[in-house]
Amino acid sequence: NGKTVHVTGITLAGAAAGNYTVNTSATSTADIEKANITGITFNNLTQTFDGTPREIYISGTLPSGASVSYTDNTHTNAGTYNATANISGGTNFNNKTLNATLTIDKVNLTATVQDYSRTYGEENPVFAVEVSGFVNGEAASSALGYSAPTASTTATAATGVGTAEISITGGTADN
């Protein structure tokens, strides 16, 4: 604000230009407003969980004197996070806030159970469920929020000879 402006290089043209004299040593003051920051994006990011930190950052070049700080832009576990980029415009640019979503998708695990056989009249065995597909060196015993799925059948000791389906239900893991 209040910047001194020197007026130079002004000429008049037209039929009546000779009737006027231009004061080329005039000065005035000007108020120069901050510019808006352009050319910066903060895009959504979707990745699949692999145990490494996922980060979301701005794209583009900040103008001279500007800086950026982030809120909630780095995560490791599966989930959806609202990230914010706060750009301080410094002396010559307006501040700017950008929002984006960081999504870390869960990994699909596979649960399987072996085929079992028994003799008519016997109770069903305890069905062992095997879970695979863990990443980042994890296993069922170390996976965050893990609870094992269970296997069951509608067949009982009194079910006639033949084949019965074994079903797997339940089971969770945070990532």
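Me: Two strands count as paired if DSSP finds at least two bridges between them. What makes β3 and β8 a pair in this model?

Reply: The model is a predicted one. β3 and β8 (residues 96-105) share 4 bridges. The cut-off is at least two, so the two strands pair. Their sense is parallel. Within this pair, Q47 sits opposite I104 of β8.

Me: Where does that pair fit in the sheet of 4 strands?

Reply: The order is β3-β8-β7-β5. The sheet is open, and its pairing is mixed.

Me: Why are β3 and β5 said to stand at the edges?

Reply: Count partners. β3 (45-48) and β5 (67-71) each have a single partner strand, so one side of each lacks a neighbour in the sheet. From one strand to the next, the twist averages 20°.

Me: Now N73. Where is this residue?

Reply: N73 is in the loop that links β5 to β6 (74-75).

Me: Why is N73 called buried?

Reply: Its relative accessible area is 9%. Buried means under 20%. N73 therefore qualifies as buried, at 9% against that limit.

Me: What makes the approach of the N73 side chain to I56 a polar contact?

Reply: The N73 side chain reaches the backbone oxygen of I56 at 3.0 Å. The limit for a pair of N or O atoms is 3.5 Å. The side chains of N73 and T74 also make a polar contact, at 3.4 Å. Those two are adjacent in sequence, and such residues count only if both atoms are side-chain atoms.

Me: Which residues beyond four places in sequence does N73 contact?

Reply: They are R54, E55, I56, Y57, A83 and L102.

Conventions. Residues are numbered from 1 along each chain as its sequence is written. This is a predicted model: local features need pLDDT of at least 70, side-chain atom pairs count only at pLDDT 80 or more; totals for chains, interfaces and linings use all residues. Side-chain values use heavy atoms; hydrogens and water are left out. Helices (H or I, at least four residues) and strands (E, at least two) are DSSP runs, numbered from the N terminus. Axes are lines fitted to C-alpha atoms, for helices over the stretch in contact, and angles run from 0 to 180 degrees between N-to-C directions. Buried means under 20% relative accessible area, exposed over 50%, partly exposed in between (1.4 Å probe, protein chains only). A polar contact is a pair of N or O atoms within 3.5 Å; within protein, one must be able to donate a hydrogen and the other to accept it, and residues adjacent in sequence count only if both atoms are side-chain atoms. Contact means heavy atoms within 4.5 Å.
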